[in-house]
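Hello,

Here is the structure I promised to pass on to you. Please have a look at it first, and then read my notes below.

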Amino acid sequence: MQRPDKISRDALERYTGCCVDDFGKYILLTNFSRYVEEFAGMAQTEVKDFNWKAAHWTEKNISIIEFGIGSPVAGMAMDILSYIDPTVVLMLGMCGGIDDGVEVGDYIIPTASIRDEGTSKHYLHLSVPALPSFRVNRYISEEMLGRGLEYKSGIMKTTDYRMWEFNQAFVQELLQQRVMAIDMEIATLFAVAYARGVRIGALMLVSDLPLRREGIKTKESAREVFAKYTRTHLDIGIQTLVRIQGDEARFMSRTMTEW
């Protein structure tokens with residue numbers, strides 16, 4: 001019987017069309033091919049377009065993967081990536097704003113996400129909360145504040161129910177839970193990363209307000225959000241990983257000197 005590490009590395013190569021050795025130790029995840037294309041343009045590198053899109057910025061030790069949409073594929077992506085031992089994984093995603101104080105274009109750093117999906121239970125008992133790495137969240141926050149950008153922080157809900165907006169019972173439960181936003185991947189990514197010992201964080205962009213009149217995302221509104229926010233969202237993610245690398249390199253250098 002083959003080992004899971006060999007199967008997972010092989011799967012990563014098959015899904016991305018890249019060699020395992022191509023991947024940096026710092027990984028950006030996204031649901032959107034536009035982010036990968038923008039990243040590749042910034043890095044002056046090519047996009048590998050297989051089942052998942054991927055690109056690598058070798059000089060910065062950063063890779064980006066667009067894995068699609070939904071909890072099962074998010075869980076698979078995080079599980080597979082854990083076998084190449086990434087130092088940090090950072091999700092750049094979009095979400096629907098639920099809290100009255102949230103508007104389109106707001107950034108959210110999730111502190112937790114309710115596990116209303118069917119994937120994470122295969123990795124963690126349902127009593128365990130889905131949490132990111134506090135340290136990674138801190139670096140995202142510092143990068144945002146350094147740019148003079150505001151952000152919100154709070155609990156999200158992750159669901160595998162795509163058309164929940166038209167189910168009043170689901171909406172009422174959502175309101176009672178007092179979550180800030182809703183998505184389809186974050187809790188899964190957090191749970192699988194925790195189970196596999198990978199540090200992870202996320203910076204989410206509010207792309208629509210599904211509980212408000214005319215607030216559900218459309219093709220036109222999505223195009224506007226991409227045009228206005230993609231570059232900044234992506235650059236925050238890249239520079240956050242660069243900051244983490246710099247601090248960890250200085251720490252290792254100081255530790256070796258002291259030793």
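**The largest pocket**

E5 gives the most to the lining of the largest pocket, contributing three residues. Please keep in mind as you read that this is a predicted model. E5 covers residues 88–97, and together with strand E8 (181–183) and strand E9 (200–208) it belongs to the strands that each supply at least two residues of that lining. The pocket holds about 450 Å³ of space. Its lining comes to 22 residues, and Arg162, Met184, Ser207, Asp208 and Lys217 are the ones that lie nearest the centre. By character, the lining divides into 12 nonpolar, four polar and six charged residues.

**The chain as a whole**

Stepping back from the pocket, the protein chain has seven helices and nine strands. What radius of gyration would a compact globule of 259 residues have? The expected value is near 18 Å, and the chain has 18 Å, so the two agree. Along the principal axes, the C-alpha trace spans about 55 × 50 × 40 Å.

Buried residues account for 53% of the 259 residues. Of the contacts between residues at least 6 apart in sequence, 80% join residues at least 24 apart. The chain exposes about 12,800 Å², with carbon and sulfur atoms supplying 51% of that area.

**Helix H6**

Is H6 (residues 186–196) largely enclosed or largely open? Eight of its 11 residues are buried, so the rest of the structure largely encloses this helix. The buried ones are Ile186, Ala187, Thr188, Leu189, Phe190, Ala191, Val192 and Ala193. After H6 comes Gly197, which has a positive phi near 75°.

**Two loop residues with positive phi**

A couple of backbone angles may catch your eye. Asp85 is not a glycine, yet its phi is positive, near 55°. Asp85 sits in the loop between helix H3 (71–82) and E5, the strand that gives the most to the pocket lining. Its relative accessibility is 53%, and Asp85 therefore counts as exposed. Between Asp85 and Arg243 there are 19 Å in space, C-alpha to C-alpha, and the two are 158 residues apart in sequence.

Arg178 also has a positive phi, about 55°, without being a glycine. You will find Arg178 in the loop between helix H5 (168–177) and E8. With a relative accessible area of 74%, Arg178 is exposed.

**Three residues to look at**

Leu174 is part of helix H5. Is Leu174 buried or exposed? Its relative accessibility is 0%, so Leu174 counts as buried. Setting aside residues up to four places away in sequence, Leu174 touches Ile98, Lys157, Trp164, Val179 and Ile182. One of these, Ile98, is 76 residues away from Leu174 in sequence, while their C-alpha atoms are 8.4 Å apart.

Ala43 belongs to helix H2, which runs over residues 33–43. At 13% relative accessibility, this residue is buried too, because buried means under 20%. Apart from residues up to four places away in sequence, Ala43 touches His56 and Trp57. From Ala43 to Phe190 the C-alpha distance is 27 Å, with their positions 147 residues apart in sequence; Phe190 is one of the buried residues of H6.

Which residues does Phe50 contact beyond its neighbours within four places in sequence? They are Arg14, Tyr15, Thr16 and Gly17. Phe50 itself lies in the loop between strand E2 (48–49) and strand E3 (53–57). Its relative accessible area is 48%, so Phe50 is partly exposed. Tyr15 is 35 residues from Phe50 along the chain, and their C-alpha atoms are separated by 6.0 Å.

**Where to start**

If you have time for one view, I would open the pocket at Arg162, Met184, Ser207, Asp208 and Lys217, and then turn to H6, with its eight buried residues.

Best wishes

Conventions: Residues are numbered from 1 along each chain as its sequence is written. This is a predicted model: local features need pLDDT of at least 70, side-chain atom pairs count only at pLDDT 80 or more; totals for chains, interfaces and linings use all residues. Side-chain values use heavy atoms; hydrogens and water are left out. On a 1 Å grid over the protein atoms alone, a cavity is a set of points where a 1.4 Å probe fits but cannot get out, and a pocket is an open set with protein on both sides within 12 Å along at least five of seven lines; lining residues have an atom within 4 Å of a point. Grid points are joined across faces, edges and corners, and a volume is the space filled by probe spheres set on the points. Helices (H or I, at least four residues) and strands (E, at least two) are DSSP runs, numbered from the N terminus. Ala, Val, Leu, Ile, Met, Phe, Trp, Tyr, Cys and Pro count as nonpolar, Asp, Glu, Lys and Arg as charged, and the others, Gly among them, as polar. The radius of gyration is taken over C-alpha atoms; the globule rule is 2.2 Å times the number of residues to the power 0.38. Buried means under 20% relative accessible area, exposed over 50%, partly exposed in between (1.4 Å probe, protein chains only). Contact means heavy atoms within 4.5 Å. Accessible areas come from the Shrake-Rupley method with a 1.4 Å probe; for residues, only the protein chains shown count as cover.
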